[in-house]
Amino acid sequence: MKDAHQRDVLNRLKTARGHLDGIIRMVEDDAYCPDVMKQLSAVQGSLERASRLVLRNHLETCVAAAMQAGRIEEIVDELMEALRYDRIATGPTDGGAAAPAKTARR
């Protein structure tokens, strides 16, 4: 992994770990559920950003090298397999159907 990417990923993961420890304390202290949910969402966002950095590093290093070496099908298959686990990159799991339109509250 490139040094800059590794440093950024580690910083994000360590921050998320600390944030998660705080959420655990909130749950133990019986904090208000919406407050816990907001904090969980923040940690999820941090982990998703870390995942995107790992993906970027992979594209810049491993994928680029494999493409130059002519291993296109192999690296595409590997990347598609890895992206199966990334809900941000792969989108909804409902077969690609559009999300229902939100209705206005009255």
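# Exercises on a predicted four-helix chain

The accessible surface of the protein chain in this predicted model comes to about 8400 Å², and carbon and sulfur atoms hold 55% of that area.

**Exercise 1.** State how many helices and strands the protein chain has, and give the order of its elements.

*Solution.* Begin with the count: there are four helices and zero strands. Then read from the N terminus on, which gives α-α-α-α.

**Exercise 2.** Find what share of the residues is buried, and what share of the contacts joins residues at least 24 apart.

*Solution.* The protein chain has 106 residues, and 18% of them are buried. For the contacts, take those between residues at least 6 apart in sequence; of these, 54% join residues at least 24 apart.

**Exercise 3.** Describe how helix H2 and helix H3 are placed relative to each other.

*Solution.* Helix H2 covers residues 33–68 and helix H3 covers residues 72–83. Their axes come within 9 Å and cross at roughly 160 degrees. Angles over 145 degrees count as roughly antiparallel, so H2 is roughly antiparallel to H3. The handedness of this crossing is right-handed.

**Exercise 4.** List the residues through which H2 and H3 meet, and sort them by class.

*Solution.* From H2, the residues are Leu55, His58, Leu59, Cys62, Val63, Ala66 and Met67. From H3, they are Ile72, Ile75, Glu78, Leu79 and Leu83. Sorted by class, the contact of H2 with H3 has 10 nonpolar residues, one polar and one charged. Glu counts as charged, so the charged residue is Glu78 in H3.

Conventions
Residues are numbered from 1 along each chain as its sequence is written. This is a predicted model: local features need pLDDT of at least 70, side-chain atom pairs count only at pLDDT 80 or more; totals for chains, interfaces and linings use all residues. Side-chain values use heavy atoms; hydrogens and water are left out. Helices (H or I, at least four residues) and strands (E, at least two) are DSSP runs, numbered from the N terminus. Buried means under 20% relative accessible area, exposed over 50%, partly exposed in between (1.4 Å probe, protein chains only). Contact means heavy atoms within 4.5 Å. Accessible areas come from the Shrake-Rupley method with a 1.4 Å probe; for residues, only the protein chains shown count as cover. Axes are lines fitted to C-alpha atoms, for helices over the stretch in contact, and angles run from 0 to 180 degrees between N-to-C directions. Angles under 35 degrees count as roughly parallel, over 145 as roughly antiparallel, 65 to 115 as roughly perpendicular and the rest as oblique. A crossing is left-handed if the near helix is turned anticlockwise from the far one by less than a right angle, and right-handed if clockwise.
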